[in-house]
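Welcome to this short tour. Please open your viewer, keep the selection tool ready, and follow along stop by stop.

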Amino acid sequence: MIYPDKRVVYTVFYLIVAFLFLSSCTSVPITGRKRIALLPSSNLATMALQSYQTLLKKSRLSTDSRKVATVRRVGARIAKAAEAFMREEGLQSQLKHFKWEFNLIDDDKTINAFCMPGGKVAIYTGIMPIAKDEAGLAVIMGHEVAHAIAKHGNERMSQMLLVQLGGVALDVAIKNKPDETKNMFRLAYGVGTQLGLLLPFSRTHESEADHIGLILMARAGYDPVAAPYFWQRMSKIGGGKRAPQFLSTHPSPLKRVKRLKQLIPDVRSKYFRKR
Ligand SMILES: [Zn+2]
């Protein structure tokens, strides 16, 4: 008789555990998709805060007060929209650990923006020319905040812990493998990469963030028609830098734009009120 590798047995065991969690866990707003988000929000918020503070300390913050004010103004409006949205979905308790913060990092080479759990948002100056104006910035922030409130990072991190560390609890992982855990966190949240917004995350996550992001920007008073234009501009950059993997896992820019255009009339009539 051949005994299966211990790791295989463990993996199967954890997959079963994951399946059980999956069948009992909450679902993503709007799409209703069930997902694994095993990690306690409070743990993630603590980790996010540390990671965010470290990042801010080693980065140069923008001193362009006009741009910083714009980022914070759009951010505050998107945050307010996210809170109202989650209240209506009956999910406001999920924002319990959120203390919104919006910072602009002075780095023209980095085309990135992200929102960590707890509402810690960073925008890099490198993405500002692609954002072009306030509405473009609202597309980015709506999309990133949507990833956060749909708990995509939590889901990605849960999957990584499951596959790479055999499904250990987050606090155990932090204690035993601090560096690996920090790396997983950065990867899960798209922190510290030059083309973060174009990282090959799953199509499911991207289209959920696109849809919820549209709703958030519309509720914040920005016309969602700006979204396909932003993604069109975004698709023109980084051409040479894209890995082949990118093409297979990321929604193609054309499909994304087409889908956004299909969603706009409904989102616009339901949520968009001019300010
Ligand atoms: Zn995304």
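Before we count anything, a word on terms: helices and strands here are DSSP runs, with at least four residues for a helix and at least two for a strand, numbered from the N terminus. Keep in mind too that this is a predicted model.

**The whole chain**

Show the protein as a cartoon. You should find 12 helices and three strands. Of its 275 residues, 49% are buried. Now switch on the surface: the accessible area comes to about 14100 Å², and carbon and sulfur atoms own 57% of that. Among contacts with a separation of 6 or more, 74% join residues 24 or more positions apart.

**The sheet**

Next, select residues 101-105 (β1), 113-116 (β2) and 120-124 (β3). In what order do the three strands lie in the sheet? The order is β1-β3-β2, in an open sheet with mixed pairing. β1 and β2 stand at the edges with a single partner strand each, so one side of each has no neighbour in the sheet. From one strand to the next, the twist averages 15°.

Strands of a sheet pair through backbone hydrogen bonds, either parallel or antiparallel. Both kinds can be found here. β1 and β3 run parallel and are joined by five bridges; look for Ile 105, which stands opposite Tyr 124 in β3. β2 and β3 are antiparallel, with four bridges, and Cys 115 has Val 121 of β3 as its bridge partner.

Zoom in on the link between β2 and β3. These two strands form a hairpin with three residues between them, and Gly 118 in the turn has a positive phi of about 90°.

Now show the side chains of β2. In a regular strand the side chains alternate between the two faces of the sheet. Ala 113 and Cys 115 point one way, Phe 114 and Met 116 point the other way, and all of them are buried.

Add residues 134-149, which make up helix α5. This helix lies across β1, β2 and β3, running at about 35° to β2.

**Around Ala 79**

Select residues 65-88, helix α3, and pick out Ala 79 in that helix. Is Ala 79 buried or exposed? Its relative accessibility is 5%, and buried means under 20%, so Ala 79 counts as buried.

Which residues does Ala 79 touch, leaving aside those up to four places away in sequence? They are Trp 100 and Phe 102. Show Phe 98 as well, since Phe 98, Trp 100 and Phe 102 form one aromatic cluster. Then draw a distance from Ala 79 to Ala 220: their C-alpha atoms are separated by 8.5 Å, although the two residues are 141 residues apart along the chain.

**More rings**

Move on to residues 178-189, helix α8, and show Phe 185 and Tyr 189. These two are four residues apart in the helix, which means that about one helical turn separates them. Both are buried.

A pair of aromatic rings is described by the distance of the centres and the angle of the planes. The protein has four aromatic pairs. One of them is Phe 185 with Tyr 189, a tilted pair with 4.7 Å centre to centre and 40° between the planes.

For the last stop, select Trp 231 and Arg 256. Arg 256 lies over the face of Trp 231, at 3.7 Å from the ring centre.

Methods: Residues numbered from 1 in each chain as written. Predicted model: local features only at pLDDT ≥ 70, side-chain atom pairs only at ≥ 80, totals over all residues. Heavy atoms only, no water. Buried < 20%, exposed > 50% of the residue type's maximum accessible area, 1.4 Å probe, protein only. Contact = heavy atoms within 4.5 Å. Areas by Shrake-Rupley, 256 points an atom, 1.4 Å probe, with all protein chains shown as cover. Phe/Tyr/Trp six-rings, centres within 6.5 Å; stacked < 30°, edge-to-face > 60°. Lys NZ or Arg CZ within 6 Å of the ring centre and 35° of its normal. Pairing = 2+ DSSP bridges. Axes fitted to C-alpha atoms, helices over the stretch in contact; angles between N-to-C directions.
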